[in-house]
Amino acid sequence: MVSPFLFFVDERLSLAELSAACLDGLLVPLGEGFMPADAAETPWMRARSLLPLLGDRWAAVRASAAWIHGAVSEEPTPHHVQRAGATRARARSDARTVFHDVRLEPVDVCAVAGVHVSSPGRTLVDLARSDDGADQALARTWAVADPLVRGAAEQWLARHPRFPHGRRAALLLSGVTTR
């Protein structure tokens, strides 16, 4: 489906035409496409801009999901995606994308603009249990800014006590103090 606010290469315009529109200040890059420079960057726009990358088999996770949910304003590079469907899919090699072939449980997936995204609580858990300092910093910032998401993440961890690196996530979230 063609969106009036998102432009993808060869959907209506070529890469050269889209690049020229960027140089003219009419468009800005967003995800796998381009959007009008004066349009509001919403969760719907962010999610829909990743549709060519995710399709119906993959879900945005970690910092990519946090970006879609609005926890961070800067688009992450690379994007992290995880299998959302029951069948295994061959991950294509891409320098801008990290593929995780462990199935994301359906209860942990929500749809934003027709795109699979890990739920806010599960996203915060994944960021908090990461051994990457940038992910942990994002988890702390998001947990402080949004106590509801932090509560959802803590409840998720309570329901999954044996989840890998769950203790690390619980410690990080319990050490966060609200404003």
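Student: At what angle do H7 and H8 pack in this predicted model?
Tutor: The model is predicted. H7 covers residues 147-159, a helix. Helix H8 covers residues 166-174, and the axes of H7 and H8 are 10 Å apart. Their packing angle is about 145 degrees.

Student: Which residues of H8 make the contact with H7, and what is the hand of the crossing?
Tutor: H7 brings Arg150, Ala153, Glu154 and Leu157. H8 answers with Gly166, Ala169, Ala170 and Leu173. By class, that contact divides into five nonpolar, one polar and two charged residues. The crossing of H7 and H8 is left-handed.

Student: How is H5 set against H7: roughly parallel or roughly perpendicular?
Tutor: Two packed helices are described by the angle between their axes and the distance between the axes. For H5 and H7, the axes are 8 Å apart and the angle is about 75 degrees. Angles of 65 to 115 degrees count as roughly perpendicular. Therefore H5 is, relative to H7, roughly perpendicular.

Student: Which residues of H7 meet H5, and how many residues of the contact are nonpolar?
Tutor: On the H5 side, look for Pro120, Gly121, Arg122, Leu124 and Val125. On the H7 side, look for Val149, Arg150, Ala152, Ala153, Trp156 and Leu157. The contact has one polar and two charged residues. Its nonpolar residues number eight.

Student: Why are H4 and H5 described as oblique?
Tutor: Helix H4 spans residues 62-69, and helix H5 spans residues 120-129. Their axes come within 9 Å and cross at roughly 140 degrees. An angle over 145 would count as roughly antiparallel, and 65 to 115 as roughly perpendicular. The angle of H4 and H5 fits neither range, so the two helices are oblique.

Student: What is the hand of the crossing where H4 passes H5?
Tutor: Find the contact to see where the helices meet. From H4 come Arg62, Ala63, Ala65, Ala66 and His69, and from H5 come Pro120, Thr123, Asp126 and Leu127. By class, these are five nonpolar, two polar and two charged residues. The crossing of H4 past H5 is left-handed.

Student: Which helices each supply at least two residues of the lining of the largest pocket?
Tutor: The lining includes Arg62, Ala63, Asp135 and Leu138. Arg62 and Ala63 fall in H4, residues 62-69. Asp135 and Leu138 fall in 133-145, which is H6. The helices are H4 and H6.

Student: How much space lies in the largest pocket?
Tutor: Its lining also includes Val72, Glu74, Glu75, Pro76, Thr77, Pro78, His80 and Asp132. By class, the lining divides into five nonpolar, two polar and five charged residues. The space is about 150 Å³.

Student: Which form does the peptide bond from Thr77 to Pro78 take, cis or trans?
Tutor: Pro78 is found in the loop between H4 and strand E4 (79-83). Omega of the bond is near 0 degrees. The bond is cis.

Student: Where does Asp10 lie?
Tutor: Asp10 is a residue other than glycine with a positive phi, near 65 degrees. Helix H1 covers 15-23. Asp10 lies in the segment before H1.

Terms used:
Residues numbered from 1 in each chain as written. Predicted model: local features only at pLDDT ≥ 70, side-chain atom pairs only at ≥ 80, totals over all residues. Heavy atoms only, no water. Axes fitted to C-alpha atoms, helices over the stretch in contact; angles between N-to-C directions. Helix = DSSP H or I, 4+ residues; strand = E, 2+ residues; numbered from the N terminus. Parallel < 35°, antiparallel > 145°, perpendicular 65-115°, else oblique. Left-handed = near helix turned anticlockwise from the far one by under 90°. Contact = heavy atoms within 4.5 Å. Nonpolar A, V, L, I, M, F, W, Y, C, P; charged D, E, K, R; others polar. 1 Å grid on protein atoms, 1.4 Å probe; cavity = no way out; pocket = protein on both sides within 12 Å on 5 of 7 lines; lining within 4 Å. Points joined across faces, edges and corners; volume = space filled by probe spheres on them.
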